[in-house]
Amino acid sequence: DEVPVDDLHDAVNQGLAQVESMLELERRLFAEGLTVDRGTSAHLHSRMVAGSEQQQNTALNAARILAASTRLKNKLNWSADEARRALPLLSLDNTLLKNSCPESITCPPADSIKYRIIDGSCNNQARPDWGKANTPFQRALNDAYADGVFEPRESSGPTPLKSPRFISTSFIKLGATTANDFTLMLMTWGQFITHDITKASSFTSADGKTPQCCNVTSGQPLNPEYLHPFCLPIDIPADDSFYQQYGQTCMTFVRTQVGADYSCSLGHAEQLNGITHWLDGSMIYGSSSSELDSLRLGRGGELKNSTSNGMELLPVRPSCSDATCYYAGDVRAQENPQLATVHTLMMREHNRIARALSQLNPLWSDEVIFQETRRIVIAQLQHITYTEYLPAMLGEQAMRDYKLTPAAVGTYAQYDAATAGDPSVWNEFAAAVFRVGHSQVQGNLVLYDSNDVAVQDQTFTLSNYFFDASKLSEPGFIDNAIRGLTKQMPLAINPEYTSQLTNYLFKGTKAYGMDLVALNVQRGREHGIPDYNTVRVFCGLPKATNFEDLANEIDQTTIDSLKTAYESVDDIDLYIGCLAESSRPVNGSLLGPTGLCIVARQFAVTKNNDRFFYDVGNQPGSLIIGQLDEIRKTSLARILCDNNNGDVNTMQPKAFRAPVATSNNERQQCSLIPSMNLTLWKDPKATPSKASMVLPSILAISFSALLLI
Ligand code: HEM
């Protein structure tokens, strides 16, 4: 039915007013000191999920649209389903919210775009916004907001869902079962590429402050009148086996910034992805031109760096004095030292290639060398992810079933802009499923010397080094960490976690930190992610009518612990369901069927809709066949060999797999590991011809002659 125009305008006015009062309340709360303090775990967490200034503006505009959507839904007494259906049909074009909609993007002609635009826009001319930074996630399934707009998912029955911390303590076991066929690099690469494609930022004020959602002095919940509207603190049961001793019954949690899409209509909340959705090296190069400017050296196509103890390290922020001074294309680069090591190696790889291209093509400008190098590094990143990482996570069968394997010869012929779809990251993937990788995290990091012997005094505990990459400048650290990452095993993906993540996340100098499992569960609920049973059906599995129906995919012990956490089989959080499934992984994969289906389909979406994907031919940005063949020789092992501090001379060819003879993957001399031949990038047009070299010499001679006179 038609919605009365007056009701629409009223809702718009009320939406605008509601956000104004939110800002007013925010000023009052912040004046009373209700922001997160430096040095607390909440502060480190806010660094992990910090949004840019541009993101904050976009998010506030979207909050206005959301507030109007809720007002209208309430006014017209719509059910959640009615709201879901009707709101997106209501255009804001003729309302005061028109200015809150994103402005349309104009692209240069497709033929002229040889290199990816840094913010991810204009990959597909028909939808220039697709994949751009600061655009919303998309969803594989309908949202599961309780009100069809923004209220977190609720229980399927009369009893409310249990607190995420309760779910964590009743379902997750502390343990350290390892995945013996793999290396810890599999975990770190998973985190590295996560930071290339997805970043949900918590709501932050215009001046970059994060609301505090608990009473930090007492550790108890805040009085509701002090709660910022974007706060959604996690209840900690009073008898919690860990936090009880510290008197904590509240874990701070801020909801994610929301975004508005280009349809300029009302609708449910869709969270904002602060970085480009493409697998395009944005964690190396940034997702905006200002970020890129701050990363480029401006000479020889290189990236900025710093030097310490003779080592090339990430650049250091000016006038920074704490442990978090390095920076890269993503603010999470120093979240842990191993991740910062991989960032350092990829920065070095960029500079290594830039120097080689500059030698081959002395006449190329900084810009050309930079862009050609960036294109090669992104191609390597994609190649390693699709030929080494994903086969290890998903198995060879799934690589075939989901057509994820890039072309081994020639080019991939099927890219067509007219049929390419939306490449945006799926909310279900980012807010729930891919987070199962957290289960692979080791609590103690072991480093190995050049004899592959563990260096006892370099072994460290993760929670002492969150957002502290100071170790990277210690002599020997990077090379020993490379050997550690390619020798130490990750934990298996299963319901066992290290307490470093479940009790000590971002603890800093305190005795306790946050619980990442609880954060993940709360995040899934507040993003309106559907429950596990619903997603099972989307993935082709039968709907379970009771817990025992899960027995084909989940082992009995794990089903029993699901029963302690949930009243109904329809309540299971997607992230927890996928962890539970990995107790019975699909043959050849580390994931159960639902987790595998979502991860595989996400990576298909990311690859197939990307005009610049490295094996796509016949596009202005395509690599020529000879170059593509060189990219195919690349491997993570080669990158580790090429960019260490000089002490890593051997490496197993498959760096994500254990260095053992039984799988024909022993460490071998680096010289035996194939490498790219960069002469394929020698530009015949750009080589100084004899004539062009004669001219400058004549000029130089004449100039000296003039000086002599
Ligand atoms: C030491 C290692 C790691 C730590 C400390 C860590 C920590 C975190 C934290 C604090 C968040 C934000 C939680 C929230 O408030 O919602 C997060 C998000 C996430 N993590 Fe990790 N993580 C690690 C490794 C990994 C790995 C190995 C993977 C996957 C293989 C992964 C995948 C994700 C994903 C997909 C997100 C959501 C990102 C977004 O959309 O913003 N993480 N992680």
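A donor here is an N, O or S atom within 2.8 Å of the metal. In this predicted model, the iron atom of the ligand gets just a single donor from the protein, and that is NE2 of H438, sitting 2.1 Å away. As for where this residue belongs, H438 lies in the loop that runs between α12 (427-431) and β9 (444-445).

Turning to the helices, one pairing is worth a closer look. Two packed helices are described by the angle between their axes and the distance between the axes. For helix α6 (residues 185-197) and helix α10 (residues 366-394), that angle is about 130 degrees, and the axes are 11 Å apart. An angle over 115 but not over 145 degrees counts as oblique, and α6 and α10 are therefore oblique to each other. Their crossing is left-handed.

So much for the geometry; next come the residues that do the touching. On the α6 side they are L186, W189, G190, F192, I193 and D196, and these meet L381, I384, T385, Y389, A392 and M393 of α10. Sorted by character, the residues of this contact come out as nine nonpolar, two polar and one charged.

Helix α6 also holds T188. With a relative accessible area of 0%, T188 falls under the 20% cut-off and so is buried. Leaving aside residues up to four places away in sequence, T188 touches Q338, L339, V342 and L485.

Key:
Residues numbered from 1 in each chain as written. Predicted model: local features only at pLDDT ≥ 70, side-chain atom pairs only at ≥ 80, totals over all residues. Heavy atoms only, no water. Axes fitted to C-alpha atoms, helices over the stretch in contact; angles between N-to-C directions. Helix = DSSP H or I, 4+ residues; strand = E, 2+ residues; numbered from the N terminus. Parallel < 35°, antiparallel > 145°, perpendicular 65-115°, else oblique. Left-handed = near helix turned anticlockwise from the far one by under 90°. Contact = heavy atoms within 4.5 Å. Nonpolar A, V, L, I, M, F, W, Y, C, P; charged D, E, K, R; others polar. Donors = N, O, S within 2.8 Å, 3.2 Å for Na, K, Ca; no water. Buried < 20%, exposed > 50% of the residue type's maximum accessible area, 1.4 Å probe, protein only.
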